[in-house]
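Trainee: I am new to this structure. Could you take me closely through one part of it, and explain the terms as they come up?

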Amino acid sequence: DKSPTAVRLVSGAAGVLVGHPFDTVKVRLQVQNVEKPLYRGTFHCFQSIIKQESAFGLYKGIGSPMMGLTFINALVFGVQGNTLRALGKDTPLNQFIAGAAAGAIQCVICCPMELAKTRMQLQGTGEYKLKTKNYKNSLDCLIKIYRKEGLRGINRGMVSTFIRETPSFGFYFLTYDCMTRYLGCEAEDSFVIPKLLFSGGISGIVSWLSTYPVDVIKSRLQADGVGGVTQYKGILDCVRKSYHDEGWRVFTRGLTSTLLRAFPVNAATFATVTVFLMYMRSEDDLRECEPGPAIQQPSSL
């Protein structure tokens, strides 16, 4: 299969494998109890998870983003491409609008997927062998949440996901477009691969920075109720309580891990895309199929 979809699927999988440990650290830091913190920072969190839960602890919940890859890639690239064509002109503003439209629509898949991922990442925190295993895997997690809370339960955090994803994807596609134009990414350029890698990495960083505080709130809402204790009534209540208890710094929790992840994940993704295109296509076809930005969602990027 020489379709771009297959290329993006493999590249997306490569990105998830590289980036998931950073994502696990991000989530743990975002939701930890400020009164009894388990982790002092990014690197301490990495060390603690490996020491207490083994290296596999960093990959808890990876099944969820792996399952959602195909659907998210198909949705995002389909919506972004069709929206851009409908708008008529390939301008920076239209790139933002097309990206934002794609980000908004993929929330339907992204939100339940991230809910399962978050719950799995928090399961057995600090335990080498799980004493109590609420969920066998990501699918089992969603089934159990649905049985207990219905559709509303598996869509927990949907509004905050929408607020995060819509501008985030807009900035992602806008930055990628501006970077490739500025750097002059032409197929015949001998430096096209490093330029695409750099463009993708910067796009990922800008995308995350644009809406990161919303991601903290989304993680807290999706983790709320784990252990049977519910703290937040909704988004505004979560913002108010988080700020009251921890100050403005709460909205940057896990940011270091996220930025450390953003560049290499996109670099890995773009490298895989490029290698596959070079392997599967002739040089003439490569000119027609310059790799577009690959999705690291959720989130992410």
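Mentor: What follows is a look at helix α7 and the parts around it.

This is a predicted model, in which local features need pLDDT of at least 70 and side-chain atom pairs count only at pLDDT 80 or more, while totals for chains, interfaces and linings use all residues. Residues are numbered from 1 along each chain as its sequence is written, and side-chain values use heavy atoms, with hydrogens and water left out.

The predictor's confidence in each residue, pLDDT, runs from 0 to 100. Its mean over the chain is 85, and 84% of the residues reach 70 or more. Helix α11 (residues 283-288) has the lowest mean among the elements, 48. Where pLDDT is low, the predicted coordinates should not be read in detail. Helices (H or I, at least four residues) and strands (E, at least two) are DSSP runs, numbered from the N terminus.

Start with the salt bridges, each a side-chain nitrogen of Lys or Arg within 4 Å of a carboxyl oxygen of Asp or Glu. By this rule there are 18. In one of them, arginine 164 meets glutamate 114 at 3.1 Å, N to O. This pair links distant parts of the chain, with glutamate 114 in helix α5, arginine 164 in helix α7, and their positions 50 residues apart. Arginine 164 also pairs with glutamate 165, at 2.8 Å, N to O.

Are these side chains buried or exposed? Buried means under 20% relative accessible area, exposed over 50%, and partly exposed in between (1.4 Å probe, protein chains only). Glutamate 114 counts as buried because its relative accessibility is 3%. Arginine 164, at 1%, is buried, and so is glutamate 165, at 0%.

Threonine 166 is in helix α7. With a relative accessible area of 18%, threonine 166 is buried. Its C-alpha is 4.7 Å from that of glycine 103, although the two are 63 residues apart in sequence. Not counting residues up to four places away in sequence, threonine 166 touches Ala100 and Ala104, where contact means heavy atoms within 4.5 Å.

Helix α7 also takes part in a nonpolar core, a set of buried Ala, Val, Leu, Ile, Met, Phe, Trp, Tyr and Cys residues joined through side-chain atoms within 4.5 Å. The largest such core has nine residues, including Ala102, Cys110, Phe169 and Phe173. Helices α3 (63-87), α5 (107-122) and α7 (158-183) each give two or more residues to this core. A second, separate core has eight residues, among them Ala116 and Tyr135.
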